[in-house]
Amino acid sequence: MIYLNGQYMPIEEARVPVLDRGFIFGDGVYEVIPVYSGRAFRLEEHLRRLKHSLDGIRLANPHSDEEWAGILDKVIAENEAQDQYLYLHITRGVAKRDHAFPNPPVPPTVFVMSNPLPTPPDHLLASGISAVTAEDNRWLRCDIKAISLLPNVLLRQMAIDEGCAETILIRNKEFLTEGAASNIFAVKEGMLLAPPKDNLMLPGITYDVILEIAGANGIPFEVRRISLAEVLHADELLLTSSTREVLAITKLDGKPVGAGLPGPMFRRMHALYQEFKHNVMRAK
Ligand code: PDD
């Protein structure tokens with residue numbers, strides 16, 4: 001069951017007109033929210049990021065936080081899995097094709113679906129994943145979670161074409177921003193390094209969780225620009241997202257990262273993340 005413009009229905013019955021600006025221009029924003037034991041995790045933070053994205057594209061928030069919570073709870077309840085990930089999608093609505101905003105404004109299209117959230121399989125935790133690097137050729141508002149994801153799609157496909165799972169993005173051949181659909185951390189001599197949350201990356205909710213866990217457990221970390229050289233010579237690289245939790249990147253551009261196996265920082269972070277999931281995310 002999904003939610004579309006005020007109604008709940010099976011996804012097969014959901015229809016959007018072809019003149020929807022999401023379809024025509026990719027003119028919209030989205031959110032992905034993990035659900036653990038039937039409860040949306042960090043809903044307030046996700047809704048705050050959604051508001052930031054909507055503000056960034058000058059689109060009014062169609063719902064109050066209370067209304068959103070009601071819609072999401074119903075979608076969660078209509079789906080069976082205990083752990084799910086919600087997908088929220090808002091476009092500027094249906095209008096005659098014109099780049100400028102519809103004037104007067106038209107109602108936005110609001111869509112929510114949910115899918116089961118699998119935990120990353122054991123073999124990926126044991127081996128880590130492979131990644132490639134590529135120039136970050138996206139726009140300068142990567143802090144907006146825009147539905148126009150063509151650059152991210154092309155960048156992710158570069159990894160898939162090389163038999164890898166993610167593409168690590170480097171700006172101006174100089175510094176790390178993030179992954180095609182994830183945030184990236186580097187580790188050097190026991191120090192966890194995180195790129196600063198600015199207009200060049202999506203401020204990940206999982207990214208925040210990782211830094212909170214590091215802070216609470218005395219793991220030293222620095223938030224600062226991470227150079228390409230630091231990425232290429234890191235002892236470890238970690239990937240985070242709402243759907244992939246935390247994973248080790250053990251091969252980059254065909255070469256081993258550090259020892260080529262998930263390292264001590266990954267193992268510690270992964271264990272702490274699972275503990276956090278059990279004690280906080282699932283806590284009623
Ligand atoms: N993407 N950076 C980008 C470009 C992303 O697309 C994502 C997540 C993240 C991680 O953010 P978070 O920890 O809040 O999930 C960083 C989602 C999962 C997606 O597009 O499906």
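**Ligand site and backbone features**

The ligand sits in the largest pocket. The model is a predicted one. Residues that surround the ligand number 18, and the shell takes at least three residues from each of domain 1 (2-116) and domain 2 (122-281).

**Shell around the ligand**

- Three elements, β3 (28-36), β9 (175-179) and α6 (205-216), give two or more residues to the shell.
- By residue class, the shell holds 6 nonpolar, 9 polar and 3 charged residues.
- The closest residues to the ligand are Y30, R49, E178, T206 and S242.

**Polar contacts and cover**

- The side chain of Y30 has an N or O atom 2.6 Å from an oxygen atom of the ligand.
- The side chain of R49 places an N or O atom 2.8 Å from an oxygen atom of the ligand.
- At S182 the contact is through the backbone: an N or O atom there is 3.4 Å from a nitrogen atom of the ligand.
- On its own the ligand has 480 Å² of accessible area, and the protein covers 89% of this.

**Backbone features**

- Most residues other than glycine have a negative phi, and most peptide bonds are trans.
- The peptide bond between N103 and P104 is cis, with omega about 0°.
- P104 belongs to the loop that runs between β5 (84-91) and β6 (109-116).
- E189 is not a glycine, yet its phi is positive, at about 45°.
- The loop between β10 (183-188) and β11 (191-194) contains E189.

Conventions. Residues numbered from 1 in each chain as written. Predicted model: local features only at pLDDT ≥ 70, side-chain atom pairs only at ≥ 80, totals over all residues. Heavy atoms only, no water. Near = heavy atom within 4 Å. Polar contact = N/O pair within 3.5 Å; in protein donor to acceptor, adjacent residues only side chain to side chain. Areas by Shrake-Rupley, 256 points an atom, 1.4 Å probe, with all protein chains shown as cover. 1 Å grid on protein atoms, 1.4 Å probe; cavity = no way out; pocket = protein on both sides within 12 Å on 5 of 7 lines; lining within 4 Å. Sits in = over half its atoms within 2 Å of the grid points. Helix = DSSP H or I, 4+ residues; strand = E, 2+ residues; numbered from the N terminus. Nonpolar A, V, L, I, M, F, W, Y, C, P; charged D, E, K, R; others polar. Domains from an automatic or database assignment.
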